[in-house]
Amino acid sequence: MAMLAREMEKPITVLSIDGGGVRGIIPGVCLDFLESELQKLEKDPNARLADYFDVISGTSTGGLIAAMISAPGDDKRPLYAAEKIVPFYKENCPKIFPNSGNWFGPNKTFAGEIELKISETCEDDGQTSVTEAYEAKFEEIRGMKKPYHDGKYLQKLAKDILGEKRLHDTLTNVVIPAFDIKKFSPVVFSSYQVDNGNKVLDALLSDISISTSAAPVYLPAYKFNNEGVEFNMIDGGVAANNPTVAAITEAVKGRSKEMDVNSFRLVVLSLGTCQHKTERYNVEMVNNWQDFTWLIRLKWKGWKLPEVDHPLPDILSEANSDMIDYYCTMFFESFRSAENFLRVQDDKLPEDLAAMDNGSPANLEKLEKYAKDLLNKPVTYFNPVTFERSEVDTAETYAEALKMFAQKLYDIKHGN
């Protein structure tokens with residue numbers, strides 16, 4: 001009975017990883033650091049993150065990472081060590097997101113279409129500026145025809161890596177959100193629900209990973225069938241770009257029958273992919289936009305080809321992540337357990353690193369350096385009133401905070 005009581009009192013440990021495309025390198029660096037600290041504590045180079053977390057959750061690129069570090073290899077240990085995540089991104093992102101993240105790059109089909117149309121538009125309509133010609137072409141076709149990237153490499157990669165492994169095969173519980181555009185509702189692929197007999201959600205991990213990563217505008221929607229049920233999926237980021245609350249909800253529900261509510265505790269690590277927050281728009285500006293401008297907005301810098309902004313997708317993604325940060329901050333503060341919640345996030349990401357699909361080797365190197373530098377920066381606190389991040393009084397760095405978190409995970413696992 002005493003052993004059962006101790007088990008019931010054991011905290012629920014949660015790892016959550018945001019979406020963000022190639023910016024998944026940032027949580028990848030953090031996970032490598034955390035796993036190396038756990039290996040030092042264990043004096044065992046084979047210690048893995050899945051050994052310490054009751055649930056690992058991820059959305060979009062975070063969902064792919066969650067699958068990689070929780071799916072079993074032939075040795076029944078996690079398929080990927082955390083130290084392999086960044087090299088994985090460096091090797092594969094240039095092929096998943098070619099053309100250096102610029103829609104108007106030399107190999108983008110629509111860029112060619114629009115270039116061919118410039119002289120024709122100028123001659124027919126008497127327009128004299130390149131800006132007018134581009135905007136006329138945009139208005140003619142109401143934006144773009146297809147996603148930026150065809151997704152074929154990502155789909156093959158996920159299937160090759162994850163093979164026939166299904167959700168029930170993971171070495172710890174996994175929670176990955178996606179969105180079904182046919183049913184017009186979120187779908188949460190949850191190990192807990194599979195354990196409760198929901199075979200429909202026990203899909204191939206490759207199908208789940210592709211589904212949660214199918215970001216509108218960037219990658220095509222994805223269809224698959226499981227147990228006779230058809231799924232028509234897009235990126236989980238439209239519902240939960242920050243999946244922390246989804247993970248907590250599933251974990252608490254999964255433990256509710258055996259849990260002593262008087263000793264209930266959560267220990268949560270939430271990893272963001274960082275944001276570039278600045279004063280971007282105002283009322284006067286957006287009230288003059290065409291409807292498609294909310295999806296695709298050209299940013300002109302002289303006579304160079306324009307950069308592309310995506311106001312509505314960016315707003316939805318960042319607002320979603322910030323609201324979950326708000327809920328978690330308020331929850332842990334209300335229960336006087338703020339020390340059990342660590343959010344690694346920064347809203348000062350440079351603008352040139354903010355693109356989700358810039359798979360150029362140079363950009364990936366910069367993201368890795370940015371993430372390593374972030375580890376040595378002070379931990380920031382999310383202000384639930386202003387929705388801004390500021391340094392905490394202790395000026396503790398993220399590296400120091402992750403070391404303490406590793407110690408906490410070690411103690412929980414060993415019953416200390």
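**Exercise 1. Is Arg-336 buried or exposed?**

Solution. The model is a predicted one, and the first step is to locate the residue: Arg-336 sits in the loop that links helix 13 (311-334) to strand 10 (341-344). The second step is to read its accessibility, and because the relative accessible area of Arg-336 is 75% and exposed means over 50%, Arg-336 is exposed. A third step looks at the backbone, where Arg-336 has a phi near 50°, which is a positive value in a residue other than glycine. As background, most residues other than glycine have a negative phi.

**Exercise 2. Determine where Lys-76 lies and describe its backbone and its accessibility.**

Solution. Begin with the position: Lys-76 belongs to the loop between helix 3 (61-70) and helix 4. Next, consider the backbone, for which the phi of Lys-76 is positive, at about 65°, although Lys-76 is not a glycine. Finally, the relative accessibility of Lys-76 is 63%, so this residue counts as exposed.

**Exercise 3. How many residues of helix 3 are buried, and which are they?**

Solution. The count comes to 10 of the 10 residues, so helix 3 is largely enclosed by the rest of the structure. Listed by name, the buried residues of helix 3 are Thr-61, Gly-62, Gly-63, Leu-64, Ile-65, Ala-66, Ala-67, Met-68, Ile-69 and Ser-70. A second helix can be treated in this way: helix 9 (residues 205-212) is mostly covered, with eight of its eight residues buried. The buried residues in helix 9 include Leu-205, Ile-208 and Ile-210, and also Ser-206, Asp-207 and Thr-212. For the wider setting, 52% of the 416 residues of the protein count as buried, and its secondary structure comes to 15 helices and 12 strands.

**Exercise 4. Describe how helix 2 and helix 4 pack, and name the residues that meet.**

Solution. Two packed helices are described by the angle between their axes and the distance between the axes. For helix 2 (residues 25-42) and helix 4 (residues 85-96) the angle is about 155° and the axes are 8 Å apart. Because an angle over 145 degrees counts as roughly antiparallel, helix 2 is roughly antiparallel to helix 4. The next step is to name the residues: from helix 2, Ile-25, Gly-28, Val-29 and Leu-31 meet Ile-85, Val-86 and Tyr-89 of helix 4. Sorted by character, the residues of this contact between helix 2 and helix 4 are six nonpolar, one polar and no charged.

**Exercise 5. Which side chains of strand 5 are buried, and how is this strand joined to strand 6?**

Solution. In a regular strand the side chains alternate between the two faces of the sheet. Strand 5 (residues 222-226) follows such an alternation, in that Tyr-222, Phe-224 and Asn-226 point to one face and are buried, whereas Lys-223 and Asn-225 point to the other and are not. Turning to the pairing, strand 5 and strand 6 (residues 229-234) run antiparallel and are joined by five bridges. Within this pairing, Phe-224 has Phe-231 of strand 6 as its bridge partner. The two strands form a hairpin with two residues between them, and Glu-227 in the turn has a positive phi of about 55°.

**Exercise 6. Compare the surroundings of His-149, Thr-380 and Val-238.**

Solution. Start with His-149, which is placed in the loop between helix 6 (130-141) and helix 7 (152-162). His-149 is buried, with a relative accessible area of 3%, and its side chain is joined to that of Asp-357 by a polar contact of 2.9 Å.

Move next to Thr-380, a residue of strand 11 (residues 380-383). Thr-380 counts as buried, at 15% relative accessibility, and a polar atom of its side chain lies 3.4 Å from the backbone oxygen of Gln-345. Leaving aside neighbours within four places in sequence, the residues in contact with Thr-380 are Gln-345, Arg-389, Ser-390, Glu-391, Val-392 and Tyr-398.

End with Val-238 in helix 10 (residues 237-240), which is partly exposed, with a relative accessible area of 43%. With neighbours within four places in sequence again left aside, Val-238 is in contact with Phe-179, Pro-216 and Asn-320. From C-alpha to C-alpha, Val-238 and Thr-59 are 9.7 Å apart in space, and they are 179 residues apart in sequence.

Notes. Residues numbered from 1 in each chain as written. Predicted model: local features only at pLDDT ≥ 70, side-chain atom pairs only at ≥ 80, totals over all residues. Heavy atoms only, no water. Helix = DSSP H or I, 4+ residues; strand = E, 2+ residues; numbered from the N terminus. Buried < 20%, exposed > 50% of the residue type's maximum accessible area, 1.4 Å probe, protein only. Polar contact = N/O pair within 3.5 Å; in protein donor to acceptor, adjacent residues only side chain to side chain. Axes fitted to C-alpha atoms, helices over the stretch in contact; angles between N-to-C directions. Parallel < 35°, antiparallel > 145°, perpendicular 65-115°, else oblique. Contact = heavy atoms within 4.5 Å. Nonpolar A, V, L, I, M, F, W, Y, C, P; charged D, E, K, R; others polar. Pairing = 2+ DSSP bridges.
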